[in-house]
Amino acid sequence: MNSATVAASNLSKSFGAKQVLHDMTFGISPGDVVGVLGKNGAGKTTLLELILGFTAPTSGAISVFGHDSHTLPGSIKARVGFVPQQDELLDQLSVADQLRVIASFYPGWDSELIARLCGEWGVNLLARIKSMSVGERQKLSILLAFGHKPDLLILDEPVASLDPIARRQFLEQLLAISSDAQRAIVFSSHIVSDIERLANRIWILKDGRLDWQGDLDSLKESIVRLHIRGGGSELPALIVPGVLTMRREGAFATAVVRDWTQESHEALENQASVQIDVEPLGLEEIFLELHR
Amino acid sequence: MFILNPQSGIPIYRQILDQVRRMVASGQLPPGATLPSVRDLAIRHTINPMTISRAYTMLEAEGLLERNRGKPMTVASQNRNHSQLPKRLQQIGPLVEQTVVAAKQLQLSEAELVKAVRREWEQNDE
């Protein structure tokens, strides 16, 4: 047995003839915060559902805390928390009743934490769920997934309807969770700046494949924009390793490359005696460049 | 204490590395000075704690910082206030290079750039 929180190898998933996920291999360790990025339809939700064991892979294997994720025993399920894209709240209940219902499933429910967060986040315990706004419902769904202090917390676009202040409070709470007790968090969102703050690891999904996975720090060092200048009026022919996009204009060129290193910098400069300036890119730019 | 920009293309651990190195080199962070804990920095700046730990670990390996059991990290004592001039110059090198490249693109003369730097220097002193 390894100590990995999640381990997946060669994971594929098809619905009928349509293959949604292709050959994914990844791991999640305690303390990791994984930010999942991808266009709509890239397979993010299906991937999260496979981790949760809601659906079985078509081929490949995935385990959570060492157990096959599709047949998790109750004791392991209790260590997982989930915030779905579409909430599963009971409209006819009040907030307090909904919290009570969920708390009753978990012996380790931290009612002190939840009471404190309800206060800080402005969640009214007496409100009827059916009269709540989408943002308020989202806050409550998040609280319901926090209360049993899961060792693995999975959030599928949890902040789409939260205002910037609520989003920041939510991020602070997630950071407190991840830095205090080596818990793992997997978090999909289109709000790239949130992922850039929260995540130490990034998965970029493209057409059902893991196009990039690794540390956010390494991603920013690996995918950069080059500004290339030649000596004469026309830039010499160049072979730019790992090039994603390139535009030439007379003696200049800009190119976005992946797998950039100091060695590739020197090799390229020596190749045709050009001068190269490296422009680092933010996560949003990187995401866009990987989709050009 | 740090100016950190998560949206920058420069990874956060690098931003911390550069700033600590500069502050130690200039004596702004004297030997024995304490650094904020990883958790405090993570929550205050709303950034992932691992990238901060990574910076601290690298600075410790460089001998710039010392880890103390159960206490905050401190600036290592063997760092005599100011490091040598060439080393400090080397640290500002990339910024100078960038400025010179930009000045040439703007077709400024050397004298004009030096004048602009001097003006900025004096304004900053006030």
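**Helix 1 of chain B and the two domains of chain A**

Modeller: In this predicted model, the buried residues of helix 1 of chain B are covered by elements that include helix 8 (216-222) of chain A, and also helix 3 (49-61), strand 2 (71-75) and helix 4 (85-105) of chain B.

Colleague: Which residues of helix 1 of chain B are called buried, and what makes them so?

Modeller: They are B:Ile12, B:Tyr13, B:Ile16, B:Val20, B:Val24 and B:Ala25. The cut-off is 20 or more other C-beta atoms within 10 Å of a residue's own; these six residues are classed as buried, so each of them meets it.

Colleague: What makes the span of helix 1 of chain B close to the expected one?

Modeller: Helix 1 runs over residues 12-25 of chain B and has 14 residues. The expected span is 1.5 Å times one less than that number, which means 20 Å, and the helix reaches 20 Å from its first C-alpha to its last. Just after this helix, B:Gly27 takes a positive phi of about 85°.

Colleague: How do you know that domain 1 and domain 2 of chain A touch?

Modeller: The domain assignment gives domain 1 as 6-218 and domain 2 as 223-290. Contact requires C-beta atoms within 7 Å, and 8 residues of domain 1 meet this with 4 residues of domain 2, so the domains touch. Their centres, over C-alpha atoms, are 38 Å apart.

Colleague: Which element of chain A gives the most to the domain 1 side?

Modeller: Helix 7 of chain A does, with 3 residues. Helix 7 (192-198), strand 9 (201-206) and strand 10 (209-215) each supply at least two residues. That side divides into 5 nonpolar, no polar and 3 charged residues.

Note on methods. Residues are numbered from 1 along each chain as its sequence is written. Chains are lettered from A and ligands numbered from 1 in the order in which they are written. This is a predicted model: local features need pLDDT of at least 70, side-chain atom pairs count only at pLDDT 80 or more; totals for chains, interfaces and linings use all residues. Domain bounds come from an automatic or database domain assignment. Helices (H or I, at least four residues) and strands (E, at least two) are DSSP runs, numbered from the N terminus. Ala, Val, Leu, Ile, Met, Phe, Trp, Tyr, Cys and Pro count as nonpolar, Asp, Glu, Lys and Arg as charged, and the others, Gly among them, as polar. A residue is buried if 20 or more other C-beta atoms lie within 10 Å of its own, exposed if 12 or fewer, and partly exposed in between; C-beta atoms are placed from the backbone.
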